[in-house]
Amino acid sequence: MGRWEAARDLLQATGQDWDRRIFRLQVLAHGAAGLRWAETWANAERANPDALVMLAYVQAVRSLLVGPESGRELLEQAWATCQDAAEALESDPSPWVVRIVLLRVHCPDRKTLMELWREVRARDPYNREAYHELLTYVFERHHGSNGEMHNWAHELASLTPRGTPLAVLLLVAHAESHRIRLEQNSRTYGLTIHPWLDCPDIDRVLDGWWRYRAPQPHAHFMDDANYLAHALSYANRHEEAFEVFEAIGPYAARLPWAYCGDPAQLFLRHRAWAQKAIDPR
């Protein structure tokens with residue numbers, strides 16, 4: 001509707017819950033990319049750090065939609081706005097996370113990546129989105145390799161205390177490996193050959209996050225829980241998956257289910273198998 005007051009109130013109420021702040025900024029930015037209310041808000045409240053970081057996210061989404069070949073000007077706009085937002089609220093890791101995304105898409109530079117990574121960790125040592133973006137940077141389809149991705153997933157997961165959802169990075173790496181192998185060799189590699197059978201990383205995620213998770217779900221809980229439910233399901237550990245499906249409720253995520261077929265059908269099928277494993281009647 002082009003109104004920015006509700007977004008302002010929402011971000012103000014979010015406060016310094018950085019995890020939830022980044023999640024809400026992402027959702028708002030994708031909805032605002034084709035509108036002008038972020039610019040209107042930033043012009044109306046030039047000193048408001050929420051307005052500046054909102055504009056940075058919107059500009060970043062626009063640059064991602066255009067792509068690396070045509071998005072240079074949008075990149076520069078977003079990068080400059082990130083700097084303004086970082087100066088307006090020095091404790092906020094959000095502008096630095098946006099810059100990691102921009103770096104991955106537009107101008108890969110490992111030295112700058114590590115500098116941005118240090119800035120985020122100085123403000124929020126276990127920022128979920130920053131860890132995921134760092135892992136995504138070294139995907140084979142971006143700027144790394146399959147081996148490097150798995151090495152980073154294990155290293156990054158090992159940096160975090162028990163109970164944080166960052167152990168799920170291990171499952172993200174397995175899902176990406178599956179996607180690549182299926183893409184490269186779909187004739188001999190498929191659903192009967194996959195990385196989740198006898199996968200010790202599933203237990204690492206259960207013990208590193210799920211069994212010790214906080215009572216209050218983090219903002220990206222549904223995404224992370226879907227990765228765990230998916231891994232348990234494909235490992236034929238349906239009884240254990242039941243608890244995860246119960247926590248997810250109706251909030252199925254497209255990934256990683258889409259890497260194995262129709263995401264809605266697969267989610268419903270495996271949820272039904274999990275229910276049957278608990279109550280076979």
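This is a short walk through one structure, helix by helix and then loop by loop.

Before anything else, please keep in mind that what we are looking at is a predicted model. I will begin at the N-terminal end, with helix α1, then turn to a covered helix, then to a second helix pair, and finish with some individual residues.

Helix α1 runs over residues 5–14, and within this helix A7, L11 and T14 are buried. Those three cover an arc of only 55° around the axis, which puts them on the same side of α1. If you turn to the other side of α1, you find A6, Q12 and A13, which are exposed. What do the buried residues of α1 pack against? Their partners are α2, which spans 18–32, together with α3 at 37–44 and α4 at 49–66. Just after α1 comes G15, a residue that takes a positive phi of about 60°.

Let me stay with α1 and α2 for a moment. Two packed helices are described by the angle between their axes and the distance between the axes. For this pair, the axes come within 9 Å and cross at roughly 165°, and that makes α1 roughly antiparallel to α2, since an angle over 145 degrees counts as such. The crossing in which α1 passes α2 is right-handed. Which residues meet there? From α1 we have A7, L10, L11 and T14, and on the side of α2 they meet R20, R21, R24, L25 and L28. Sorted by character, the residues of this contact between α1 and α2 divide into five nonpolar, one polar and three charged. You may notice that A7, L11 and T14 appear once more here, having already been named as buried residues of α1.

The next stop is helix α8, which covers residues 128–137. How many of its ten residues are buried? The count is ten of ten, so that this helix is described as mostly covered, where buried stands for under 20% relative accessible area. Among the buried residues of α8 are R128, E129, E133 and H132, as well as A130, Y131, L134 and L135. The cover over these buried residues includes α2, which we have just met, and also α6 (94–106), α7 (110–123), α9 (146–158), α10 (169–184) and α12.

One residue of α8 can serve as a closer example, and that is T136, which lies in this helix. At 18% relative accessibility, T136 counts as buried, the limit being under 20%. If we leave aside its neighbours within four places in sequence, T136 is in contact with R104 and H142.

From there we can move to a second pair of helices, α10 and α11, the latter made up of residues 200–208. These two pack at an angle of about 150°, with their axes 9 Å apart, and α10 and α11 are therefore roughly antiparallel to each other. In this contact, L170, L171 and H174 in α10 meet D201, I202, R204 and V205 in α11. The residues involved divide into four nonpolar, one polar and two charged.

The loop between α10 and α11 holds D198, which has a positive phi of about 55° although it is not a glycine. Is D198 buried or exposed? D198 is exposed, with a relative accessible area of 80%. A further residue of this kind is N236, in the loop between α12 and α13, where the phi is again positive, at about 60°, although N236 is not a glycine. N236 is exposed, and its relative accessible area is 56%.

Helix α12 itself, residues 221–234, contains H230, and H230 is buried, with a relative accessible area of 1%. Not counting residues up to four places away in sequence, H230 touches W196, P256, W257 and C260. Of these, P256 deserves a second look, for a cis peptide bond joins L255 and P256, with omega at about 5°. P256 lies in the loop between α13, which is 238–248, and α14, which is 263–278.

Finally, let me mention E115, whose place is in helix α7. At 35% relative accessibility, E115 counts as partly exposed. E115 and I100 are 15 residues apart in sequence, and from C-alpha to C-alpha they are 9.7 Å apart in space.

Conventions: Residues are numbered from 1 along each chain as its sequence is written. This is a predicted model: local features need pLDDT of at least 70, side-chain atom pairs count only at pLDDT 80 or more; totals for chains, interfaces and linings use all residues. Side-chain values use heavy atoms; hydrogens and water are left out. Buried means under 20% relative accessible area, exposed over 50%, partly exposed in between (1.4 Å probe, protein chains only). Helices (H or I, at least four residues) and strands (E, at least two) are DSSP runs, numbered from the N terminus. The arc is that of the directions from the helix axis to the C-beta atoms. Contact means heavy atoms within 4.5 Å. Axes are lines fitted to C-alpha atoms, for helices over the stretch in contact, and angles run from 0 to 180 degrees between N-to-C directions. Angles under 35 degrees count as roughly parallel, over 145 as roughly antiparallel, 65 to 115 as roughly perpendicular and the rest as oblique. A crossing is left-handed if the near helix is turned anticlockwise from the far one by less than a right angle, and right-handed if clockwise. Ala, Val, Leu, Ile, Met, Phe, Trp, Tyr, Cys and Pro count as nonpolar, Asp, Glu, Lys and Arg as charged, and the others, Gly among them, as polar.
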